[in-house]
Amino acid sequence: MSRRHLMALAGLAAATPLGVGLRPAPAAAESDDDAAYQRAFQQLLATDPGVLPHGEPGREFLYRPRQLLVADPDTQRVITALRKVGHQVTPGGRFAGVTRLHFDREADVPSVVTKLRDPQQWPGQPVPRVQPHHVLLGYGNIMGNPGGPPQVAAALPAPDPAHAGDGAGVTVGICDTGVWRLAGTRHPQWLGGSYLPQVDDEDPLYLHTDVLGPQGGHGTFVAGVVRQAAPGVRFDPEPALNPIGVGDEEMLAAALAALSPQVSIINLSLGCLTQDDLPPLPLTNVLAARPAGVVVVAATGNTGTNRPAWPAALPGVLGVAAVSRGTTGLVPAPYSGFGSWVDACADGERTSTYVDGRLLLPGRPAKQFLGYAAWAGTSFAAAHVSGRLAAVMTATGLDAEQARQFLLSQPAWHPGYGVLVD
């Protein structure tokens, strides 16, 4: 691994999220767990040859090395321009309206993108639409899973019979890590019969034996949060992240394409930051092409900044931030993404269905999970909002888009956090 790669990873790991101090400081053990969790993730990320960080302060993002994504109509002239300056590239497939170009050797992809986006390089021509192949997660506090690890929790009580029909007839697509193979049988009251088990939707969970990846079980946890908000809802799990928490735009596009036609709400508890904070082409294309009336709910990420996170910041996507319960009531969660691009917020601290296994963190006692966990992050705020949308649909007879408009018709709770969804 290059020195640049190691230094950038170290810088990302050391970044401090904005907003610290909005809630009481965590207990020492919790703080130690959070630091160890981030360290474990960074160690695994540093060994992944398919991930590179761009570490310029305030403009960080992660991307696939030696890959460039180009809008299909711009592909040939970009290839010609790159070859003129000595870059040998070959097309490596298409997805979501873009062509993936592969460099024949290591290249500084962000610098290449900057040059290709310079209008002076294209006199009398439109600037081509190009970008790195962004990796879906984030920095410091990982996008797609919280800044701290899950904690062992007691079993959930049985669903309230008075709300058993909430969300009935609605299907929520969950593009995440997939779902635990034993989720339905291990959690019969919460997840049993609520989805169609399929081998290719299973979460691999483990790094080895029963040792969980940092994000193993995340999709099962998210599904439980959705079902707590709407116990009658069905869900369709599709893998878009691996158990470490790593995905990319192509993986998410494939997961979205695999969703059942019955899906009317899509939950995306994941995302990315991008070069120049521009909307990512593939995600823009694939979500714009979704069936009419399907509502997309996405987490704003756990970066603690107002940088737009994608796809949450895309027009038409319901971006959800997180709040915390402080000593004086609800406050903005210090880890949460926020900004004018955020539509709603919800409590990000949840207890939910989880998996069996051990989570090993550097220098910390092993955590042994037996099917349930407590976790905090915008991932779970988003999942709650997806469930609430489904519950509103069954209670009112509204379709998904009308339910979205209903939820967002309330006054904003806090600047940069949108409407509070209980």
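**Notebook: loops, a strand residue and overall form**

I began with Pro365, which sits in the loop between strand E17 (349-359) and strand E18 (367-376). The model is a predicted one, and I read every value below as computed from it.

Is Pro365 buried or exposed? I found a relative accessible area of 57%. Exposed means over 50%, so Pro365 falls in that class. I then looked up its separation from Asp33. The two are 332 residues apart in sequence, yet their C-alpha atoms lie 9.3 Å apart in space.

**Entry: the protein as a whole**

I stepped back to the overall counts. The protein has 10 helices and 19 strands. The C-alpha trace spans about 70 × 50 × 45 Å along its principal axes.

I checked the radius of gyration against the rule for a compact globule. For 422 residues the rule gives a value near 22 Å, and the protein has 21 Å, so the two agree.

I noted that 55% of the 422 residues are buried. For contacts between residues at least 6 apart in sequence, I found that 77% join residues at least 24 apart.

For the surface I wrote down an accessible area of about 16700 Å². Carbon and sulfur atoms account for 56% of that area. On charge, I have 29 positive and 35 negative side chains, with the centres of the two sets 5 Å apart.

**Entry: Gln67**

Next I turned to a residue within a strand. Gln67 belongs to strand E2 (residues 61-71). Its relative accessibility is 14%, and because buried means under 20%, I list Gln67 as buried.

Which side chain makes a polar contact with that of Gln67? I found His133, at 2.8 Å. Leaving aside neighbours within four places in sequence, Gln67 is in contact with Arg100, Leu101, His102, Phe103, Val109, Pro132 and His133. His133 thus appears in my notes for Gln67 both as a contact and as a polar partner.

**Entry: the loop between E13 and E14**

I looked at two residues of this loop. Thr303 lies between strand E13 (295-299) and strand E14 (317-326). With a relative accessible area of 11%, Thr303 is under the 20% limit and therefore buried. I also checked Thr303 against Ala154: they are 149 residues apart along the chain, and their C-alpha atoms are separated by 29 Å.

Pro311 is found in the loop between E13 and E14 as well. The peptide bond from Trp310 to Pro311 is cis, and I noted its omega as near 15 degrees.

**Entry: Pro279**

Trp310 came up again when I looked at Pro279. Leaving aside neighbours within four places in sequence, the contacts of Pro279 are Gln131, Thr284, Trp310 and Leu314. Pro279 itself is in the loop between strand E12 (263-268) and helix H8 (281-288).

I compared the place of Pro279 with that of Ala309. They are 30 residues apart along the chain, with 8.8 Å between their C-alpha atoms. The relative accessibility of Pro279 is 41%, so I count Pro279 as partly exposed, the class between 20% and 50%.

**Entry: the loop between H5 and E8**

Here I looked up Asp200 and Leu205. Leu205 lies between helix H5 (183-186) and strand E8 (206-208), and Asp200 is in the loop between H5 and E8 too.

Which of these is buried and which is exposed? Leu205 has 2% relative accessibility and counts as buried. Asp200 has 58% and counts as exposed.

I noted the backbone of Leu205 separately, since phi is positive there, about 70 degrees, although the residue is not a glycine. For Asp200 I looked up the separation from Gln215. They are 15 residues apart along the chain, and 18 Å separates their C-alpha atoms.

**Entry: Thr209**

I went on past E8 to Thr209, in the loop between E8 and strand E9 (211-212). What is the phi of Thr209? I noted a value near 40 degrees, which is positive in a residue other than glycine. At 63% relative accessibility, Thr209 is over the 50% limit and so is exposed.

Conventions: Residues are numbered from 1 along each chain as its sequence is written. This is a predicted model: local features need pLDDT of at least 70, side-chain atom pairs count only at pLDDT 80 or more; totals for chains, interfaces and linings use all residues. Side-chain values use heavy atoms; hydrogens and water are left out. Helices (H or I, at least four residues) and strands (E, at least two) are DSSP runs, numbered from the N terminus. The radius of gyration is taken over C-alpha atoms; the globule rule is 2.2 Å times the number of residues to the power 0.38. Buried means under 20% relative accessible area, exposed over 50%, partly exposed in between (1.4 Å probe, protein chains only). Contact means heavy atoms within 4.5 Å. Accessible areas come from the Shrake-Rupley method with a 1.4 Å probe; for residues, only the protein chains shown count as cover. Lys and Arg count as positive and Asp and Glu as negative; His and the chain ends are not counted. The place of a charge is taken as NZ of Lys, CZ of Arg, CG of Asp or CD of Glu. A polar contact is a pair of N or O atoms within 3.5 Å; within protein, one must be able to donate a hydrogen and the other to accept it, and residues adjacent in sequence count only if both atoms are side-chain atoms.
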